[in-house]
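Biologist: Could you take me on a close look at one spot in this model, the enclosed space and whatever surrounds it? I'd like the walls residue by residue, and then a wander out to the other sites.

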Amino acid sequence: MILSLNHVRKVFNPGTVDENVLFDDFNFSMEKGEFISIVGSNGSGKTTMLNIICGSLPIDGGEVVIAGKNMTGKHDFIRYRSIGRVYQDPTLGTCPNMTVLENMALAENKGKPFGLGFCVGKKAEERYREMLAPLGLGLEDRMHVRVGSLSGGQRQAMSLLMSTMTPLDFLILDEHTAALDPKTAETIMILTDRIVREKNLTALMVTHNLRYAVEYGSRLVMMHEGKAIIDIKGEEKKRTTVDDLLGTFYSISVERGN
Amino acid sequence: MNLSFLLSAVEQAGIFAILALGVYITYKILDFPDLTVDGSFPLGGAVTAVLLTKGVSPLIAMPASLLAGAAAGFLTGVIHVKMKVRDLLAGIIMMTGLYSVNFLIAGKANLPITTSTGMKTLFVNPTVSGLFGAARGDEAPLSFLREYRVLILLFLLIVLLKILMDLFFRTKLGYLLRAEGDNERLVSLLARDGGTMKILGLMLANALVSFSGSLYVQYNKAFNLTDGTGKMVIGLAAVVIGINLFGKIRFLRPTTAVVIGAVTYNLCVALALKNADANVKNLVTAALFLLVLAAAYIRLPAKKKKENGKEEQV
Ligand SMILES: Nc1ncnc2c1ncn2[C@@H]1O[C@H](COP(=O)(O)OP(=O)(O)O)[C@@H](O)[C@H]1O
Ligand SMILES: [Mg+2]
């Protein structure tokens with residue numbers, strides 16, 4: 001297992017009237033090479049689960065094991081040595097006031113010591129151009145442009161590329177197409193699938209788009225109130241349709257009486 | 001207006017340009033409003049004055065002031081990063097504490113550096129005398145530049161520091177420091193501790209500020225406990241003028257723009273103060289700064305949004 005969440009417990013606002021036991025004895029694991037899509041209604045705990053995996057949120061019980069190492073209680077920046085992550089907000093994955101070139105150089109040095117050597121040379125620039133060209137967004141001709149002046153889609157494509165430039169245990173995507181217009185979202189999704197295949201990545205993708213969840217990935221998980229209520233892969237996943245998922249969504253909503 | 005007035009105004013501005021380079025690191029690169037400045041500026045002065053009065057060479061006193069400033073910045077960083085105290089408060093705590101520390105270092109509120117009794121400073125020493133002549137009219141290789149010796153020394157120092165800074169910001173570590181101010185979260189994603197970068201930036205910045213304080217006492221031939229008052233504003237004004245006015249010029253690096261900003265601002269203050277009492281200085285400094293901020297704000301389109309969602313303020 002590349003990732004295991006064992007008996008995880010997470011309580012928000014403990015001891016207050018707003019106490020919310022989101023996860024109680026939550027177990028989840030991911031194998032190397034899997035591409036998991038996670039769907040679920042708002043507030044079902046998808047983002048919290050990713051935050052727990054990355055160490056952005058502490059847990060109240062259980063353990064987080066990554067590539068065989070118990071990472072419970074370890075800082076997020078230590079876990080990111082082997083995790084790539086793309087957020088929903090395209091502004092979070094890049095430095096707006098640095099150029100495309102400078103951002104690429106930062107990403108390439110992830111996991112290295114960041115010493116007093118110069119960051120970019122002519123050779124590096126050529127290398128980055130070659131990495132950017134396949135994105136098909138013309139970024140290779142805008143190497144010296146501030147990333148802040150790029151569009152959301154261009155920035156998200158860069159975030160994606162930057163988070164996968166160095167070797168990873170797995171990639172985390174949290175609704176990374178949700179803030180984009182439908183056409184750009186599609187482009188980014190296709191790009192994501194291509195990068196995951198080409199680099200042979202293990203990936204965990206939360207998406208609000210049921211079609212993406214059905215079409216992409218090797219395993220599908222549906223979350224509800226802090227539990228994985230659907231967890232399918234292989235043939236079963238291939239047979240599942242958007243309508244099936246909608247049906248499940250609908251029956252949950254009926255149960256809840258809304 | 002006479003030439004010597006202008007000359008001394010430019011010299012002072014040069015000293016404050018180094019202060020401004022420090023403030024540029026915290027305020028512009030790290031996006032950290034660091035009030036340590038009003039304490040670390042006289043810290044460099046106190047350290048320098050004490051060492052010089054003990055007969056220590058300025059070549060040792062000046063690096064010592066750099067280290068003292070770095071230590072002050074380190075503490076501010078630790079208070080903010082490790083003890084989770086808000087940035088402004090961390091600086092205020094340090095500034096307040098440093099006032100007494102400076103007094104303890106200097107031993108008194110006013111410490112003159114009497115070069116006439118043989119103490120050496122960067123500006124008064126045998127090497128400078130050898131190059132420019134010990135007194136007006138002396139035979140020396142550069143005696144025709146004697147009047148400008150302080151300015152020349154300051155200019156060389158500023159250029160050196162500016163080049164070192166530019167080089168540093170092109171290194172991997174320099175990139176990471178810029179990233180920390182630009183998007184903290186990306187630094188974590190790069191598997192680096194952003195807190196460490198903040199501390200490093202505060203150390204570099206306050207080292208420069210303290211170094212500027214060291215030059216300041218050597219120039220004035222005295223340390224005063226109140227030397228720090230208003231220095232934050234002087235640094236900020238220089239950075240805001242430099243970046244907003246001169247930063248728009250394409251071929252100017254931000255560091256160069258900040259230096260030009262410092263000279264512009266301090267010349268304006270000097271002109272405004274020409275015939276005024278020295279104690280009115282802080283009011284003029286503040287009023288001019290306000291004017292600069294107001295002008296810089298008007299130059300922005302209404303409610304321009306920064307790309308990361310924050311409303312842009314100067
Ligand atoms: N920082 C927080 N403080 C309090 N409650 C939170 C916090 N983060 C998430 N929650 C709660 O946890 C639940 C799950 O949230 P989240 O993981 O963001 O859901 P999802 O990403 O699936 O929409 C929600 O009920 C939310 O209110
Ligand atoms: Mg979410």
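Modeller: Eleven names to keep on screen here, from both chains: the largest cavity is lined by A:Gly84, A:Arg85, A:Gly93, A:Ala107, A:Lys110, A:Ser159, A:Met162 and A:Ser163, with B:Leu186, B:Leu189 and B:Leu190 from chain B. Bear in mind that this is a predicted model. Sorted by element, two or more lining residues each come from strand 6 (83-86) and helix 5 of chain A, and from helix 8 (184-189) of chain B. Helix 5 of chain A is the top contributor, giving three residues to that lining. By class, the wall of the largest cavity splits into five nonpolar, four polar and two charged residues. The space inside comes to about 100 Å³, and the count of cavities of 30 Å³ or more is one. As for how such a space gets found, rolling a probe the size of a water molecule over the atoms shows where empty space is left.

Stay with A:Met162 for a moment. This residue sits in helix 5 of chain A, which runs over residues 152-163. A:Met162 counts as buried because its relative accessibility is 5%, and the cut-off for buried is under 20%. If you want a sense of scale, go 90 residues along the chain to A:Ile252: its C-alpha atom and that of A:Met162 are 38 Å apart.

Now over to ligand 1, also on chain A. Its surroundings are A:Phe12, A:Asn20, A:Leu22 and then a run of neighbours in sequence: A:Ser41, A:Asn42, A:Gly43, A:Ser44, A:Gly45, A:Lys46, A:Thr47 and A:Thr48. That shell is made up of eight polar, two nonpolar and one charged residues. Backbone atoms do some of the touching: a backbone N or O atom of A:Gly43 is 2.8 Å from an oxygen atom of ligand 1. Polar backbone atoms of two further residues also lie by ligand oxygens, at 3.0 Å for A:Gly45 and 2.8 Å for A:Lys46. On its own, ligand 1 would expose 550 Å², and the protein buries 61% of that.

Strand 2 (20-30) and helix 1 (46-54) of chain A each give at least two residues to the shell around ligand 1, with helix 1 of chain A supplying the largest share, three residues. That helix is worth a look in its own right. Eight of its nine residues are buried, so helix 1 of chain A is largely enclosed by the rest of the structure. The buried ones are A:Lys46, A:Thr48, A:Met49, A:Leu50, A:Asn51, A:Ile52, A:Ile53 and A:Cys54. Just past helix 1 of chain A comes A:Gly55, with a positive phi of about 80°.

One last stop, in chain B. The second largest pocket holds about 630 Å³ of space. Its lining has 27 residues, and B:Gln12, B:Tyr216, B:Leu273, B:Ala278 and B:Lys281 are the ones nearest the centre. Helix 1 (3-29), helix 10 (231-246), helix 11 (254-272) and helix 12 (281-298) of chain B each give two or more residues to the lining of this second largest pocket. Helix 1 of chain B has the largest share there, six residues. By class, the lining of the second largest pocket has 12 nonpolar, 10 polar and five charged residues.

Terms used:
Residues are numbered from 1 along each chain as its sequence is written. Chains are lettered from A and ligands numbered from 1 in the order in which they are written. This is a predicted model: local features need pLDDT of at least 70, side-chain atom pairs count only at pLDDT 80 or more; totals for chains, interfaces and linings use all residues. Side-chain values use heavy atoms; hydrogens and water are left out. On a 1 Å grid over the protein atoms alone, a cavity is a set of points where a 1.4 Å probe fits but cannot get out, and a pocket is an open set with protein on both sides within 12 Å along at least five of seven lines; lining residues have an atom within 4 Å of a point. Grid points are joined across faces, edges and corners, and a volume is the space filled by probe spheres set on the points. Helices (H or I, at least four residues) and strands (E, at least two) are DSSP runs, numbered from the N terminus. Ala, Val, Leu, Ile, Met, Phe, Trp, Tyr, Cys and Pro count as nonpolar, Asp, Glu, Lys and Arg as charged, and the others, Gly among them, as polar. A residue is near a molecule or strand if one of its heavy atoms lies within 4 Å of it. A polar contact is a pair of N or O atoms within 3.5 Å; within protein, one must be able to donate a hydrogen and the other to accept it, and residues adjacent in sequence count only if both atoms are side-chain atoms. Accessible areas come from the Shrake-Rupley method with a 1.4 Å probe; for residues, only the protein chains shown count as cover. Buried means under 20% relative accessible area, exposed over 50%, partly exposed in between (1.4 Å probe, protein chains only).
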